[in-house]
Amino acid sequence: MTAEREHSIEALTGGAMAGIWEWVRQRIPAGVEVFDAHAHIGADIDGRTMTAEGMRARMEAAGVKRAIVFPLNDPNARDDYSGPNDVIWNAYEEYPDLFVPFFRLNPHRDYEAEFGRCVGRGFMGLKLHPVSQHFELDDPRVVCLFEMAAEADLPVLIHAGFAMQRIVEPLVPTVEAYPRLRLILGHSAMIEVLEAARAFEGHPNVLFETSVVRAKDLYVLFSSLDPSRICYGSDIPYGDLPSTLHATLAAAEAAGVPEAALPGILSGNIRRWF
Ligand SMILES: [Zn+2]
């Protein structure tokens with residue numbers, strides 16, 4: 001446990017990072033309960049792992065109160081993702097006040113049973129990763145999933161970041177067909193950030209999540225979109241809480257986002273969904 005903490009927050013907030021972390025802490029308005037809209041628990045084929053306890057320790061050390069958690073691109077995922085989804089549910093049962101559980105699916109497989117099982121169990125959202133699971137956002141099987149999520153009133157977080165080719169154009173028909181569908185664009189559609197901001201600015205149920213976005217794209221995001229549509233995320237274990245909080249707050253400040261908008265970005269804009 002001590003070693004876990006040394007490798008997590010203290011190594012990231014001490015030494016040369018101490019001043020940056022201090023700046024972050026001063027920027028977070030008093031009373032704001034920071035909500036991380038993008039984090040993973042489990043194991044990935046690339047070797048990354050995160051445990052519920054590791055996530056809890058990082059959140060406690062950084063003063064983050066709640067986090068949406070979902071599986072990685074798990075090497076042991078059965079076709080329907082039920083094993084990694086169970087890991088998330090166990091984490092939620094252990095720490096129900098900390099974690100907001102999302103389940104993950106592979107649209108190429110029969111997903112209806114696992115969708116029904118997870119919704120029935122009480123999962124609060126769905127995560128889809130077009131790159132890891134090799135699909136386009138306008139694939140009919142994926143559009144069917146969006147329709148099922150809209151009917152179940154289930155938020156969907158889409159990986160909309162690195163290695164994506166098409167985001168806005170294949171997603172527009174779904175957003176227009178299901179205006180009540182709540183979507184979180186993971187990594188803020190960073191390769192098409194300006195196009196996405198313009199295409200979805202009139203759709204209040206589409207949120208842009210800030211983890212692991214290039215600095216110039218975060219600046220464009222904060223400069224071009226109402227801050228009520230932006231939510232903070234870490235993408236743990238790919239990002240970490242100190243550096244992603246710093247990136248988000250620094251970009252907001254550089255773009256001239258008023259301080260009054262920070263509680264929403266750090267917490268309220270996503271918290272109102274759960
Ligand atoms: Zn992620």
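Of the 82 residues in the largest nonpolar core, Val69, Leu185 and Ala189 touch the most other members. Helix H10 (residues 241-254) gives the most to this core, contributing six residues. A nonpolar core is here a set of buried Ala, Val, Leu, Ile, Met, Phe, Trp, Tyr and Cys residues joined through C-beta atoms within 7 Å. A residue counts as buried if 20 or more other C-beta atoms lie within 10 Å of its own, as exposed if 12 or fewer do, and as partly exposed in between, with C-beta atoms placed from the backbone. The model is predicted: local features need pLDDT of at least 70, side-chain atom pairs count only at pLDDT 80 or more, and totals for chains, interfaces and linings use all residues. Residues are numbered from 1 along each chain as its sequence is written.

The sheet comes next. Helices (H or I, at least four residues) and strands (E, at least two) are DSSP runs numbered from the N terminus. Eight strands form an open sheet with parallel pairing, in the order E1-E4-E5-E6-E7-E8-E9-E10. Its edge strands are E1 and E10 (230-231), each of which pairs on one side only. Two strands are taken to pair if DSSP finds at least two bridges between them. In general, strands of a sheet pair through backbone hydrogen bonds, either parallel or antiparallel.

Strand E4 (residues 64-70) is largely enclosed by the rest of the structure, because six of its seven residues are buried. On one hand, E4 pairs with strand E1 (residues 34-40) in the parallel sense over five bridges. Within this pairing, Phe35 has Arg66 as its bridge partner in E4, and Ala39 has Val69. On the other hand, E4 pairs with strand E5 (residues 99-104), also in the parallel sense, over three bridges. Here Val69 has Pro101 as its bridge partner in E5. Val69 is also one of the three residues that touch the most other members of the core. Although E1 is an edge strand, seven of its seven residues are buried.

Further along the sheet, Leu157 lies in strand E7 (residues 156-159). Leu157 is buried because 24 other C-beta atoms lie within 10 Å. Two residues are in contact if their C-beta atoms, placed from the backbone, lie within 7 Å. Not counting residues up to four places away in sequence, Leu157 touches His38, Ile68, Phe102, Gly125, Lys127, Ile184 and Gly186. Leu157 and Ile184 are 27 residues apart in sequence, yet their C-alpha atoms are 4.5 Å apart in space. Leu185, with the same exclusion of residues up to four places away, touches Ile158, Ala160, Ala196, Val206, Leu207, Phe208 and Glu209.

Two helix pairs may now be considered. The axes of helix H2 (residues 18-27) and H10 come within 10 Å and cross at roughly 60°. This crossing makes H2 oblique to H10. Axes are lines fitted to C-alpha atoms, for helices over the stretch in contact, and angles run from 0 to 180 degrees between N-to-C directions. Angles under 35 degrees count as roughly parallel, over 145 as roughly antiparallel, 65 to 115 as roughly perpendicular and the rest as oblique. At this contact, Ile20, Trp21, Val24 and Arg27 in H2 meet Pro242, Leu245, His246 and Leu249 in H10.

Helix H7 (residues 168-177) and helix H8 (residues 193-200) pack at an angle of about 15°, with their axes 11 Å apart. H7 is therefore roughly parallel to H8. Val168, Val172 and Val175 in H7 meet Glu195, Ala196, Ala199 and Phe200 in H8. Ala196 of H8 is also among the residues that Leu185 touches.

Several loop residues have backbone features to note. Phi of His187 is near 65°, a positive value in a residue other than glycine. His187 lies in the loop between strand E8 (183-186) and H8, and counts as buried because 27 C-beta neighbours lie inside 10 Å. Tyr81 likewise has a positive phi, near 70°. Tyr81 sits in the loop between E4 and helix H4 (82-94), and is buried because 23 other C-beta atoms lie within 10 Å.

A cis peptide bond, with omega about 10°, joins Ile236 and Pro237. Pro237 lies in the loop between E10 and H10. Thr49, in strand E3 (residues 49-50), is in contact with Ala43 and Pro237, leaving aside its neighbours within four places in sequence. Thr49 counts as partly exposed because it has 13 C-beta neighbours inside 10 Å.
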